[in-house]
Amino acid sequence: MLKLNKVYCGNCKELLKEIDRETIDLVITSPPYDNLKKYEGYSFDFEIIAQELYRVIKQHGVVVWIVGDAVIDGSETGTSFKQALYFKEIGFNIHDTMIYEKNSSTFPARRDGNRYTQIFEYCFVFCKPDKIISKYPILSPKLKIEDASWLAAAIDGEGCFRIRKHGKNGSCYSNINLGNMNKEYVKKAFDITGLGNFWYDKNRNFYEWNVGSEDASKIVLEIYPYLLIKKEQAKTLINFQEYLRKENDKGGRNKVLSKKDKEKRLNFFDIMKQLNDGSIRESGFGEIDTTVRSKGKPKTANLLCDKPNKWAGVTSYDKKIPPVPDFSPRTNIWWYVTSFEDKNDHPAIFPEKLAWDHILSWSDKGDIVLDPMCGSGTTLKAAKELGRHFIGMDVSERYCGMSRKRISNINPCVDPDFV
Ligand SMILES: C[S@@+](CC[C@H](N)C(=O)[O-])C[C@H]1O[C@@H](n2cnc3c(N)ncnc32)[C@H](O)[C@@H]1O
């Protein structure tokens, strides 16, 4: 486990692996987006970083992802939304989509332009629910997130989803197959799932892992979010198995099928075959939500109440209703002066007050706050000021130096109203 209250230099994709599972209370970070800014050279592997954040955050912990979109070839990229939906796909709840509005813009709109001044960034607030249960809960407790993503990549690369015909009566069954000359590679699939068969084919000098029907479906439901290339095949297999389940297909392979049943099964067979040989690209099945979520409320939600109430002090004439308080929780659009004090040598800092407000909202004193792409250390400084522990990471040695310097003389703030 990485030590607390330190800044680590390196790619967060690697550094995050050194943080224990479910140990972080809050992540606040602003990733590089759409290559809009030139930092000191980085590679940004979004999906792996998102999965690692899911692993390290505590149940009911929060990730604040501060991001915007570039305009490329006349269109906003939509990267921010794609990322938000990916966070949801891997298990987070999208707790809130907040706006951080700036007081000024580097590129104000021109009167003869065609776009209004871009003045905000999104703050996506993701919360990890306590339970992500597979709708068909079989492997969930066993298959670790890194194993699930490894297996998905292995099947995407060298595996195959199949629906096979059995005999002439139209009965079909599904399976997953992974074959390779490398024994360890194929055996790993068998070991991490504990399902199917593993064997060596002497004639072909080939190792194979094969898992069929219901077990294949269980595995697909587990790895579905991580598949990139064979998602359509996965959907076909899941839908096929679900169809059989609904049909209560107890007769097995030798059941005598009605004409309609036979056609339905052969339709699944055809779709899979065509997906596998590349003659169609889409199965026609919609996205599959493989999880059932708990409500996933943040463990801490200290809503900042600084919106003055127009009717402050007003009560009912018989005073049965308590007076309207002076202040209410603010809205989810936050406005900041991106002030001179916030400026430093880093090209893309966010305001210290923004980091303060998120830390106050989603964490308690003594909690651990992580910024895996900490730049000049704004999150870390705010965390230290507010009596939280922090871990910072940045790929640039220079920015890490900046962060370390920035937090070196900070003392926790002692105002009890704030911490
Ligand atoms: C938008 S800036 C963060 C600025 C920060 N919030 C601040 O206020 O100073 C993004 C940072 O991510 C860093 N970065 C990019 N890819 C990274 C990676 N794979 N691992 C760690 N840091 C990375 C960049 O060096 C850059 O400093």
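Which residue in β7 is the bridge partner of Met-98? Keep that in mind, everyone, while we look at this predicted model.

Let's start with the big sheet picture. There is an open sheet of 8 strands, and reading across you meet them in the order β1-β18-β17-β2-β3-β7-β6-β16, with mixed pairing. At the edges sit β1, residues 6–9, and β16, residues 333–336, and each of these pairs on one side only. From one strand to the next, the twist averages 20°.

Now back to our opening question. Strand β6, residues 93–102, runs antiparallel to β7, residues 120–127, and 8 bridges join the pair. The bridge partner of Met-98 is Cys-123. On this sheet packs helix α9, residues 352–362, which touches β2, β3, β6, β16 and β17. The direction of α9 makes about 155° with that of β2.

Let's visit the edge strand β1, where we find Lys-6. Is Lys-6 buried or partly exposed? Lys-6 counts as partly exposed, because it has 15 C-beta neighbours inside 10 Å. Lys-6 also has a partner from far along the chain: Phe-390 is 384 residues away in sequence, yet the two C-alpha atoms are 7.1 Å apart.

Last stop, strand β12, residues 206–212. Its covered face holds Tyr-207, Trp-209 and Val-211, while the uncovered face has Phe-206, Glu-208, Asn-210 and Gly-212. β12 pairs antiparallel with β10 over 6 bridges, and there Leu-178 stands opposite Trp-209. β12 also pairs antiparallel with β11, over 5 bridges, with Asn-197 opposite Asn-210. β11 and β12 form a hairpin with 4 residues between them, and in the turn Asn-205 has a positive phi of about 50°.

Thanks for listening!

Key
Residues are numbered from 1 along each chain as its sequence is written. This is a predicted model: local features need pLDDT of at least 70, side-chain atom pairs count only at pLDDT 80 or more; totals for chains, interfaces and linings use all residues. Two strands pair if DSSP finds at least two bridges between them. Helices (H or I, at least four residues) and strands (E, at least two) are DSSP runs, numbered from the N terminus. Axes are lines fitted to C-alpha atoms, for helices over the stretch in contact, and angles run from 0 to 180 degrees between N-to-C directions. Two residues are in contact if their C-beta atoms, placed from the backbone, lie within 7 Å. A residue is buried if 20 or more other C-beta atoms lie within 10 Å of its own, exposed if 12 or fewer, and partly exposed in between; C-beta atoms are placed from the backbone.
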